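Here is a small set of exercises for you to try with the sequence and the 3D view open. Work through each task first, then compare your steps with the solution.

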Amino acid sequence: MCSSDLFQVVDSEFVPVNGNGTYTTPTGFVPTTASNANASYAWSAGFLATGGGNNASASSTNEPVTVTQASPTLSTSANPTTEAVGSGSLKDTATLSGGFAATGSITFTLKSPSGATVDSETVTVSGNGTYSTPTGAVPQTTGTYVWTAAYSGDGNNNTAASATEPVTVTAASPTLTTTANPTTEIVGSGKLQDTATLSGGFSPTGSITFTLKTPSGTTVDTEHATVTGDGTYSTSIGNVPQTTGTYVWTA
């Protein structure tokens, strides 16, 4: 076997001839580079006559062999597949298989529910195997995010692209704890007030509504506090109790 432009011999094999017939290379050769526009593999065969001189030596013309690039596949696995907004990083893992001594790179791309690219990371490929995003991205909005991965290919390997990998980003689930102040009061005396602490939200806005009910279940105070992030919020007015019994705050 030889290259048609450089004539570099990469395989040479001999078989004994015993009359007319068909003869085959005993071993063959595994190509380590793909053909290109300027070079291809080619077989040639030569018959060396020996003995009594009844046959002249003979040789074949070059027989070209086109060696194509390998066609690897790329499969991905998102981690996690569900995450709360503003919480942990979204990451992706891609497995390259079917390549031949693959080099080049894999580019991971994460798109938000609006289709905007929010993360793009590239890793170097050194053979078939599993590759991951080094950093990932923390989602800033709820909805379905999508990972894709693309392999660049090289001289011996075609490019490859993964299927889309969806990730569901849910709303944060904050908690609200309250503290009544005071917890005991004399009828008609000081005001009853309430304080609420909001935690675990992701840049929360909106409002907190405080409601105070009398022992009979009647609402005697409703107040609203504007929320500007996690933190502690309180009633601004409160209520002076007019009857004895157990009052109840909710927020």
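The exercises below concern a predicted model, and each comes with a worked solution.

**Exercise 1. Sort the residues of strand β6 by face, then find its pairing with β8.**

Solution.
- Step 1: Begin with the strand itself, residues 73–79. L74, T76 and A78 make up the covered face, while T73, S75, S77 and N79 belong to the uncovered one.
- Step 2: Now look across to strand β8, residues 91–97. The two strands pair in the antiparallel sense, over 7 bridges.
- Step 3: To fix the register, take S75, which has T95 of β8 opposite.

**Exercise 2. Is F47 buried, partly exposed or exposed, and which residues share a nonpolar patch with this side chain?**

Solution.
- Step 1: Locate F47 in strand β3, which covers residues 46–47.
- Step 2: Buried means under 20% relative accessible area and exposed means over 50%. F47 has 31% relative accessibility, so this residue counts as partly exposed.
- Step 3: Patch residues need over 30% relative accessible area. Together with V15, V17 and Y23, F47 makes a nonpolar surface patch of about 310 Å².

**Exercise 3. Compare the surroundings of K111 and S112, and classify each by accessibility.**

Solution.
- Step 1: Place both residues. K111 is in strand β9, residues 105–111, and S112 is in the loop between β9 and β10 (117–124).
- Step 2: Classify them. K111 is partly exposed because its relative accessibility is 38%; S112 is at 11% and therefore counts as buried.
- Step 3: List contacts, leaving out residues up to four places away in sequence. K111 touches A116, T117, V118, Y145 and V146. For S112 the list is V118, T144 and Y145.
- Step 4: Add a distance along the way: K111 and S173 are 62 residues apart along the chain, and 24 Å separates their C-alpha atoms.

**Exercise 4. Which strands pair with β12, and over how many bridges?**

Solution.
- Step 1: Start with β9. Strand β12 (residues 143–151) pairs with β9 in the antiparallel sense over 6 bridges, and T109 stands opposite T148 of β12.
- Step 2: Go on to β14, residues 165–170. Here 5 bridges link the strand to β12, again antiparallel, with V146 and P166 as bridge partners.
- Step 3: Finish with β13, residues 160–161, joined to β12 by 2 bridges in an antiparallel arrangement. In this pairing, Y151 has A160 as its bridge partner.

**Exercise 5. Work out the strand order of two open sheets, and name the edge strands.**

Solution.
- Step 1: One sheet has 3 strands in the order β18-β17-β20, with antiparallel pairing. Its edges are β18 (219–226) and β20 (248–250); each has a single partner strand, so one side of each lacks a neighbour in the sheet. From one strand to the next, the twist averages 15°.
- Step 2: Inside this sheet, β17 (residues 207–213) and β18 are joined by 7 bridges. One pair to check is I208, opposite A225 in β18.
- Step 3: Another sheet also has 3 strands, in the order β15-β16-β19 and with antiparallel pairing. The edge strands are β15 (175–181) and β19 (231–234), which each pair on one side only. The average twist here is 20° from one strand to the next.
- Step 4: Between β15 and β16 (residues 193–199) there are 7 bridges, and T175 has S199 as its bridge partner in β16.

Notes. Residues numbered from 1 in each chain as written. Predicted model: local features only at pLDDT ≥ 70, side-chain atom pairs only at ≥ 80, totals over all residues. Heavy atoms only, no water. Buried < 20%, exposed > 50% of the residue type's maximum accessible area, 1.4 Å probe, protein only. Helix = DSSP H or I, 4+ residues; strand = E, 2+ residues; numbered from the N terminus. Pairing = 2+ DSSP bridges. Patch = residues over 30% accessible without salt bridge, like charges linked within 9 Å, V, L, I, M, F, W, Y side chains within 5 Å. Areas by Shrake-Rupley, 256 points an atom, 1.4 Å probe, with all protein chains shown as cover. Salt bridge = Lys/Arg side-chain N within 4 Å of Asp/Glu carboxyl O. Contact = heavy atoms within 4.5 Å. Axes fitted to C-alpha atoms, helices over the stretch in contact; angles between N-to-C directions.
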